[in-house]
Amino acid sequence: ERHSQISALGRECRNYFLQESVGSSASRACVNLVNFAMSMSEVYGLKGYPFVCLYDSIVIHCPYEERRIWGKALELYMYRAVGWKYGKRVLNYACDFEFNVGWSTAPTYEEKQQLTDPNWHPTPDRLKPLEFQLDKMIEMYTENPSLSVYDKYEGETELD
């Protein structure tokens with residue numbers, strides 16, 4: 001029994017560095033998503049907001065029409081814009097998205113009907129400039145992952 005306890009402790013110790021980065025990524029993402037929600041509610045009338053952070057998951061409560069925007073905001077702030085420098089490499093954690101109708105507002109009958117229209121775009125016109133802005137930021141961090149690295153001592157965003 002003692003051997004299995006020591007073995008388990010060893011696994012936890014070896015795993016600490018990655019697990020700490022995962023938790024810290026969510027912490028950074030929460031701050032950025034709260035700021036995003038506050039500023040974009042003023043500019044675009046965004047109604048969604050981060051509801052709770054669960055270690056490596058952030059639950060967003062939003063109207064049905066904002067799901068696409070919040071999915072992109074999560075990709076940007078939880079994945080693309082949070083990099084960790086390990087030697088000469090940058091590690092960004094991939095994040096999964098799961099949309100739960102019970103955790104967000106359910107689509108209306110009209111919204112359900114729109115899903116069958118091939119010309120329908122899920123982002124309302126008032127949010128298309130915001131979607132474009134998020135797409136550009138995601139593209140920038142995808143092409144330049146070193147920009148996502150944050151040096152907490154110097155405030156720098158580039159690799160040494």
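Visitor: What share of the contacts in the protein with a separation of 6 or more comes from residues 24 or more positions apart?

Guide: Those residues account for 62% of such contacts. Please keep in mind that this is a predicted model.

Visitor: Thanks! Which elements does the chain run through?

Guide: The protein has four helices and four strands, and along the sequence they follow the pattern α-β-β-α-β-β-α-α. Of its 160 residues, 32% count as buried.

Visitor: What makes a group of residues here a nonpolar core?

Guide: The residues must be buried, of the nonpolar kinds, and joined through side-chain atoms within 4.5 Å. The largest set that passes has 26 residues, and Leu33, Phe36, Leu46, Ile58, Trp70 and Leu130 are those with the most contacts inside it. Helix H1 (2-44), strand E2 (57-61), helix H2 (67-80) and helix H4 (128-143) each supply at least two residues. H2 gives the most, with eight residues.

Visitor: How do you know which aromatic rings are paired?

Guide: Two rings pair if their centres lie within 6.5 Å. By this rule there are two aromatic pairs.

Visitor: Why is the pair of Phe36 and Trp70 called edge-to-face?

Guide: The centres are 5.3 Å apart and the planes stand at 90°. An angle over 60 degrees counts as edge-to-face, so the name fits. Phe36 lies in helix H1 and Trp70 in helix H2, so this pair ties together parts that are 34 residues apart in sequence.

Visitor: Why do Phe36 and Trp70 count as buried?

Guide: Buried means under 20% relative accessible area. Phe36 has 5% and Trp70 has 1%, so both qualify.

Visitor: And why is the pair of Phe36 and Tyr77 called tilted?

Guide: Here the centres are 5.8 Å apart, with 55° between the planes. That angle is neither under 30 degrees, which would be stacked, nor over 60, so the pair is tilted. Phe36 is in helix H1 and Tyr77 in helix H2, so parts 41 residues apart in sequence are tied together. Tyr77 is buried too, like Phe36.

Visitor: What makes Phe36, Trp70 and Tyr77 a cluster?

Guide: Ring pairs link the three residues. Leaving aside residues up to four places away in sequence, Phe36 also has other neighbours it touches, including Leu46, Ile69, Leu130 and Leu134.

Visitor: How do you know that the charged end of Arg28 is close enough to count as sitting over the ring of Trp84?

Guide: The charged end of Arg28 is 4.0 Å from the ring centre. The distance has to be within 6 Å, so that part of the rule is met.

How values were computed
Residues are numbered from 1 along each chain as its sequence is written. This is a predicted model: local features need pLDDT of at least 70, side-chain atom pairs count only at pLDDT 80 or more; totals for chains, interfaces and linings use all residues. Side-chain values use heavy atoms; hydrogens and water are left out. Buried means under 20% relative accessible area, exposed over 50%, partly exposed in between (1.4 Å probe, protein chains only). Contact means heavy atoms within 4.5 Å. Rings of Phe, Tyr and Trp (its six-membered ring) pair if their centres lie within 6.5 Å; planes under 30 degrees apart count as stacked, over 60 as edge-to-face and the rest as tilted. A charge sits over a ring if NZ of Lys or CZ of Arg is within 6 Å of the ring centre and within 35 degrees of the ring normal.
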